[in-house]
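Visitor: Could you pick one helix and walk me through it closely, then follow its surroundings outward? I'd like to know what is buried, what is exposed and what touches what.

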Amino acid sequence: MSIRDNIELVNENIAKAAERSGRSASDITLVAVTKTVDIARINEAISCGVKALGENKPQEMAEKFPFVQNASWHMIGHLQRNKVRHIIDKADLIHSVDSEKLAAEIDKRAKAINKVQDILIQINISGEATKFGISPTYLETMIENIQSLQNIRVCGLMTIAPLGATETQARNLFENCNKLLIDIRSKKYHNICMEILSMGMSNDYRLAIECGSNLVRIGTGIFGKRNY
Ligand SMILES: *Cc1c(COP(=O)(O)O)cnc(C)c1O
């Protein structure tokens, strides 16, 4: 299938899943994950209506950035503090903030270019040792510790279901993350808006949307299999 066909199918699936959860397609943001995808194919996706791109490596985002117009960039992969400077002037949303130190570095770099950087906090909802993200029980402490930073704005949460999770397991994890978001939102911390719930990839985005996700990150489902 072509990129155009894939995007059409993904959009249909998003619309159906949104409907099943009492929402509409316009409530869900699609981020096309472009890691390892070349510029020509990225621009093809944009010509098919894609508006947001996700990269997991700062260097790769920085390299592609000058060659792509009319899209916003999302940093979705693990971010080391010493790499923040590569993307601070490029990323519209950083999904993968998983420590106070990283949040402070983003704040510092954003301040230097007069920007307020939108971020999500990555939650390790399943407690898997191999995955990045903070424990759900640490979220409130982290928010208390970073809410005074003036050049970041916490816009929500991001999570990844573990590889090989059953549908029931993934549903539980996604529902728990949604509850966490709603809970924190109700507490009205300073600088925290908690509107974005980034969960769902090619194999589980329909389920994630049913569980409250409003931003899905889809690579393979749009561009086909990556060769790595
Ligand atoms: C690669 C990646 C995706 C997309 O994965 P697919 O299975 O190809 O859709 C989503 N989120 C993150 C954080 C990723 O690294």
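Guide: One bit of vocabulary before we start: a residue is buried if its relative accessible area is under 20%, exposed if it is over 50%, and partly exposed in between. Keep in mind too that this is a predicted model.

Let's take α7, which runs over residues 167-187. It has 21 residues, and from its first C-alpha to its last it reaches 31 Å, close to the 30 Å you'd expect at 1.5 Å a residue. The buried residues in α7 are Ala 170, Leu 173, Phe 174, Cys 177, Asn 178, Leu 180, Leu 181 and Ile 184. They sit on the same side of α7, because the arc they cover around the axis is only 155°. The spacing in that list has a simple background: an α-helix has 3.6 residues a turn, so residues three or four places apart point the same way. Flip to the face turned away from the buried side of α7, and you find the exposed residues Thr 168 and Lys 179.

What does the buried side pack against? Its partners are β5 (117-123), α6 (139-146), β6 (152-159), β7 (192-198) and α8 (205-210). Just past the end of α7, Lys 188 takes a positive phi of about 50°.

Now for the core. The largest nonpolar core has 66 residues, and the members that touch the most others are Ile 94, Ile 106, Ile 121, Ile 123, Leu 139, Leu 157 and Ile 222. α7 is the top contributor to this core, giving seven residues. There is also a second, separate core of seven residues, with Val 31, Leu 93, Leu 120 and Met 158 among them. As a general backdrop, nonpolar side chains tend to be buried together in soluble globular proteins.

To see how α7 ties in, look at Ile 123, one of those well-connected core members. Setting aside neighbours within four places in sequence, Ile 123 is in contact with Cys 177 and Leu 180, and its list also includes Gly 133, Ile 134, Pro 136, Leu 139, Leu 157, Met 158 and Thr 159. Cys 177 and Leu 180 are among the buried residues of α7, and Leu 139 and Leu 157 are again on the list of core members that touch the most others.

One of the packing partners of α7 is α6, and Met 142 is in that helix. Met 142 is buried, with a relative accessible area of 0%. Beyond four places in sequence, its contacts are Val 97, Asp 98, Ser 99, Glu 100, Ile 121 and Ile 134. For a sense of distance, Met 142 and Gly 156 are 14 residues apart along the chain, and their C-alpha atoms are separated by 13 Å.

Another of the core's well-connected members is Ile 106, found in helix α5. Ile 106 is buried as well, with a relative accessible area of 0%. Neighbours within four places aside, it is in contact with Leu 79, Val 84, Ile 88, Ile 94, Val 97, Gln 117, Ile 119 and Ile 152. Val 97 comes up for Met 142 too. From Ile 106 to Cys 155 the C-alpha separation is 14 Å, with their positions 49 residues apart in sequence.

Follow the chain from α5 (100-112) towards β5 and you pass through a loop that holds Asn 114. Asn 114 has a positive phi of about 65° even though it is not a glycine. At a relative accessible area of 76%, Asn 114 counts as exposed because that value is over 50%.

For another helix to set beside α7, try α2. In α2, the buried residues are Ile 42, Ala 45 and Ile 46. Seen down the axis of α2, they fall within an arc of 100°, so they line one face of the helix. Ala 40 and Ser 47 are exposed on the other side of α2. The cover over its buried residues includes α1 (3-20), β2 (52-55), α3 (58-64) and α9 (220-223). After α2 comes Gly 49, with a positive phi near 105°.

Notes. Residues are numbered from 1 along each chain as its sequence is written. This is a predicted model: local features need pLDDT of at least 70, side-chain atom pairs count only at pLDDT 80 or more; totals for chains, interfaces and linings use all residues. Side-chain values use heavy atoms; hydrogens and water are left out. Helices (H or I, at least four residues) and strands (E, at least two) are DSSP runs, numbered from the N terminus. The expected span of a helix is 1.5 Å times one less than its number of residues. Buried means under 20% relative accessible area, exposed over 50%, partly exposed in between (1.4 Å probe, protein chains only). The arc is that of the directions from the helix axis to the C-beta atoms. Contact means heavy atoms within 4.5 Å. A nonpolar core is a set of buried Ala, Val, Leu, Ile, Met, Phe, Trp, Tyr and Cys residues joined through side-chain atoms within 4.5 Å.
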